[in-house]
Amino acid sequence: MIEEWVDLCDEEGNHGEFYQVSSLGRVRMLDRAVRTKGGATAIRKGRLKAQTLHNNGYLVVGYTVNGRLKQRQVNRVVAFSFYGQPPEPGMEACHGNGDRLDNRKGNIRWDTKLGNAADKKLHGTDNRGATNPRAVLTERQVDIILDLAALNEPQNEIAASLGVHRCAVNHVLTGRTWSTYTGMGS
């Protein structure tokens, strides 16, 4: 596969005069002339920019624009650099294969929030049910809650038997949480 490089562009319209983005999702800083403390001009050698994993699961890269550090998600930098501004306001830079670490040009596209949510559901990368980092209950516990509630077991007794707060049971039964869950066998 041939790696294609283009000038970096971001959502603020910043064009990285010293930065480029590749079709493989890599970012590099180009060679450039800098002034030394003595006033002489020296060449600063270009290099690949390190990408770090943000706590949201996306790779981010840092670069400077007019002396100010910017940190952006690599998928968005790839989308802006190769495809320009999104066709409609609010569109998201989506990963076609669901892998947040795969920022190749061919895997990134602009899509609506709804289209991105459909992708996440298709790839199993949405944060619903037990995959939600804030989930208190497992799917098995939700099944038990639903079964015991169908037998008219009091919520406080269901909660005590599972070792969770009564609110967790109430939220399942009122649809505040786990509203899309259809059961382990579904």
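Is N152 buried or exposed? At 69% relative accessibility, N152 counts as exposed. That is one stop on a quick tour of this predicted model, which starts with the whole chain and then drops in on a handful of residues.

## The chain as a whole

The chain has 186 residues, and its radius of gyration comes out at 24 Å, whereas a compact globule with that many residues would sit near 16 Å. The C-alpha trace tells a matching story in three numbers: along the principal axes it spans about 80 × 35 × 30 Å. As for secondary structure, the chain holds 5 helices and 11 strands.

What share of the residues is buried? The figure is 35% of the 186. On the outside, the chain exposes about 11,600 Å², and carbon and sulfur atoms supply 50% of that area. Take the contacts between residues at least 6 apart in sequence, and 38% of them join residues at least 24 apart. On the charge side, there are 25 positive and 20 negative charges, and their mean positions lie 9 Å apart.

## No disulfides here

How many disulfides does a search of the whole structure find? The count is 0. C9 shows why: its sulfur is 18 Å from the closest cysteine sulfur, the one in C94, and that is too far for a bond. The cut-off for a disulfide is 2.5 Å between the two sulfur atoms. C9 itself counts as buried because its relative accessibility is 11%. C167, on the other hand, is partly exposed, with a relative accessible area of 33%.

## Helix α1 and V74

Helix α1 runs over residues 74–83, and it is mostly covered, with 8 of its 10 residues buried. The buried set is V74, N75, V77, V78, A79, F80, S81 and F82. Right after the helix comes G84, and its phi is positive, near 80°.

V74 belongs to α1, and it is buried because its relative accessibility is 1%. Setting aside neighbours within four places in sequence, what does V74 touch? Its contacts are G25, Q51, L59, V60, V61 and N103. L137 is another matter: it is 63 residues from V74 in sequence, and the two C-alpha atoms are 33 Å apart in space.

## Two buried polar residues in strands

Now for a pair of strand residues. Q20 lies in strand β2, residues 15–22, and R32 is placed in strand β4, residues 32–35. Both get the buried label by the under-20% cut-off: Q20 has a relative accessible area of 13%, and R32 is at 14%.

Leaving out neighbours within four places in sequence, Q20 is in contact with W5, V6, D7, L8, R26, V27, R28 and L30. With that same exclusion, R32 is in contact with F18, Y19, A42, I43 and R44. Q20 also offers a long-range distance: L122 is 102 residues away along the chain, and the two C-alpha atoms are separated by 32 Å.

## Loops: N152, P154 and P89

Back to the residue from the opening. N152 sits in the loop between α3 (139–150) and α4 (155–162). Its backbone has a quirk: phi is positive, about 65°, although N152 is not a glycine.

P154 is found in the loop between α3 and α4 too. It counts as partly exposed because its relative accessibility is 35%. Another loop, between α1 and β10 (92–95), is home to P89. P89 is exposed, with a relative accessible area of 84%.

Here are the C-alpha distances for the residue pairs on this tour, set beside their separations along the chain.

| Residue pair | Separation in sequence | C-alpha distance |
|---|---|---|
| V74 and L137 | 63 residues | 33 Å |
| Q20 and L122 | 102 residues | 32 Å |
| P154 and R166 | 12 residues | 9.7 Å |
| P89 and T112 | 23 residues | 9.0 Å |

The two proline rows add the partners for the loop residues: R166 for P154, at 9.7 Å, and T112 for P89, at 9.0 Å.

Conventions. Residues numbered from 1 in each chain as written. Predicted model: local features only at pLDDT ≥ 70, side-chain atom pairs only at ≥ 80, totals over all residues. Heavy atoms only, no water. Buried < 20%, exposed > 50% of the residue type's maximum accessible area, 1.4 Å probe, protein only. Helix = DSSP H or I, 4+ residues; strand = E, 2+ residues; numbered from the N terminus. Rg over C-alpha atoms; globule rule 2.2 N^0.38 Å. Contact = heavy atoms within 4.5 Å. Areas by Shrake-Rupley, 256 points an atom, 1.4 Å probe, with all protein chains shown as cover. Lys, Arg positive; Asp, Glu negative; His and termini not counted. Charge placed at Lys NZ, Arg CZ, Asp CG, Glu CD.
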